[in-house]
Amino acid sequence: MKKLVRKNILNMQPYLPGKPIKEVERELGISDIVKLASNENSFGPSKLAVDAMKAGIAELNRYPEGSGLYLRQALSKKLKLKCENLILGNGTDELIELIAKVFLDVKDEIVVSEGAFIRYEMAGDLMGCKVVSVPMRNFTHDLEGFKKAITPRTKIVFIANPNNPTGTYVSKNDVDRFMRGIPSRVLVVFDEAYYEYVEEKDYPQTVGYVKQRRNVIVLKTFSKIYSLAGLRIGYGIAVPEIIDYLNRIRPPFNTNSLAQLAAQAALNDASHLKKTIKLVKDGKKLLYRTFEQMDLSYVPSAANFILVDVKQKSRKVFKDLLREGVIVRAMEEYGFSSYIRVTIGLERENRKFIKALKKVLKK
Ligand SMILES: Cc1ncc(COP(=O)(O)O)c(C=O)c1O
């Protein structure tokens, strides 16, 4: 079999998702499990989105509108861009892969940050190109380091902003400086999966680069704050030429009709977003305070999750927390061997996590 498989696939490993609740129930025979492992929104989707899906069920015998025209129209209005600036993906995950397939050949290089969302590296590996990993500075993408890592072979730079799993962001000043200094032939991908959570005033509005017709793709998703992760829908924003190339290899019906309807309806529910932001803000305060009381250091986060140092092998803490009915993520595979990442959930979920963490760490 090995001989049949493309060489660069041989060394790849499947992506490890957060553990599903049902699996933990089955494995450990416990119930009332809290999942704070995949940066989802525990609040659940907007009622408008749910109603839109219900109304759409009767038409499931039909294929979806392939390009998601109505959703793109709604997004274009919101972003003050044209529909031609937008592409939908089966999650931003799919868009990351489409970008890699359109632009990367074996001899090319991509630049990513160490400790960044792992799907960029996987996309580079998929295409068999060189993945240049720049060390972080204080848990944050080091854009000066990125600049130094760019060579004549660099095709794409991936910037997760805020980054998962660190929750850190790069500021407008840093991004502007970076964008002034890089060659125009390099494509810059800003992955802004947690965009709507960010309240920091110096966070960059990178859509401006698309409006300036730069070689930039901005990625956003309905999986996180919109609480539609199970539907798999995200979008990319770029100049029409880039979108056109991505469309050439986009599977014909890559986003399903219910996802398109739900996403479009979710855009109209500002109060759902507002409530979620408050929930996360309050939860963050509670968790920060708790970590400080427990003498655990954490990375201040601009998103809906926190990376916290549990001062021992995080896999063990992860397993111990599972037995207490709390699913978090151990961050060894990202190089943070004593850190877990916890998603901020409902108040009751956060409190259950705190109680379990105190028990497990004997604090
Ligand atoms: C930074 C980042 N980008 C992209 C994704 C993928 O999101 P989607 O559900 O839209 O595929 C995630 C999911 O965890 C993420 O953390």
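**Close-up views of a predicted model**

**Pro162 lies in the loop between strand S5 (154-160) and helix H8 (172-181), helices (H or I, at least four residues) and strands (E, at least two) being DSSP runs numbered from the N terminus.** The model is predicted: local features need pLDDT of at least 70 and side-chain atom pairs count only at pLDDT 80 or more, while totals for chains, interfaces and linings use all residues. Residues are numbered from 1 along each chain as its sequence is written. The bond that joins Asn161 to Pro162 is a cis peptide bond, with omega near 0 degrees. Pro165 also belongs to the loop between S5 and H8, and the peptide bond leading into Pro165 from Asn164 is likewise cis, although here omega is near 20 degrees. Most peptide bonds are trans, and most residues other than glycine have a negative phi.

**Asp32, which is not a glycine, has a positive phi, near 55 degrees.** Asp32 sits in the loop that runs between helix H2 (21-28) and strand S1 (34-35). Asp32 counts as exposed because it has 8 C-beta neighbours inside 10 Å; with C-beta atoms placed from the backbone, 12 or fewer others within 10 Å make a residue exposed, 20 or more make it buried, and values in between make it partly exposed.

**Ser227 is another residue, not a glycine, with a positive phi, here about 65 degrees.** The loop that holds Ser227 connects strand S7 (216-221) with strand S8 (234-237). Ser227 is buried, because 22 other C-beta atoms lie within 10 Å, whereas Asp32 is exposed.

**Phe305 is part of strand S10, which covers residues 305-309.** Phe305 counts as buried because it has 30 C-beta neighbours inside 10 Å. Leaving aside residues up to four places away in sequence, Phe305 touches Asn39, Gly167, Arg341, Val342, Thr343 and Ile344, a contact being a pair of backbone-placed C-beta atoms that lie within 7 Å. The C-alpha atom of Lys363, which is 58 residues from Phe305 along the chain, is separated from that of Phe305 by 22 Å.

**Helix H11 (residues 257-266) is mostly covered, with 9 of its 10 residues buried.** The buried residues are Leu258, Ala259, Gln260, Leu261, Ala262, Ala263, Gln264, Ala265 and Ala266. These buried residues of H11 pack against two helices, H3 (47-56) and H4 (69-79).

**Helix H5 is also mostly covered, with 10 of its 13 residues buried.** Gly91, Thr92, Asp93, Glu94, Leu95 and Ile96 are among the buried residues of H5, and Leu98, Ile99, Ala100 and Phe103 of the helix are buried as well.

**The whole protein, shown as a setting for the close-ups, has 14 helices and 13 strands.** The C-alpha trace spans about 55 × 55 × 50 Å along the principal axes of the protein. Of the 363 residues, 45% count as buried. When contacts with a separation of 6 or more are considered, 74% of them in this protein are accounted for by residues 24 or more positions apart.
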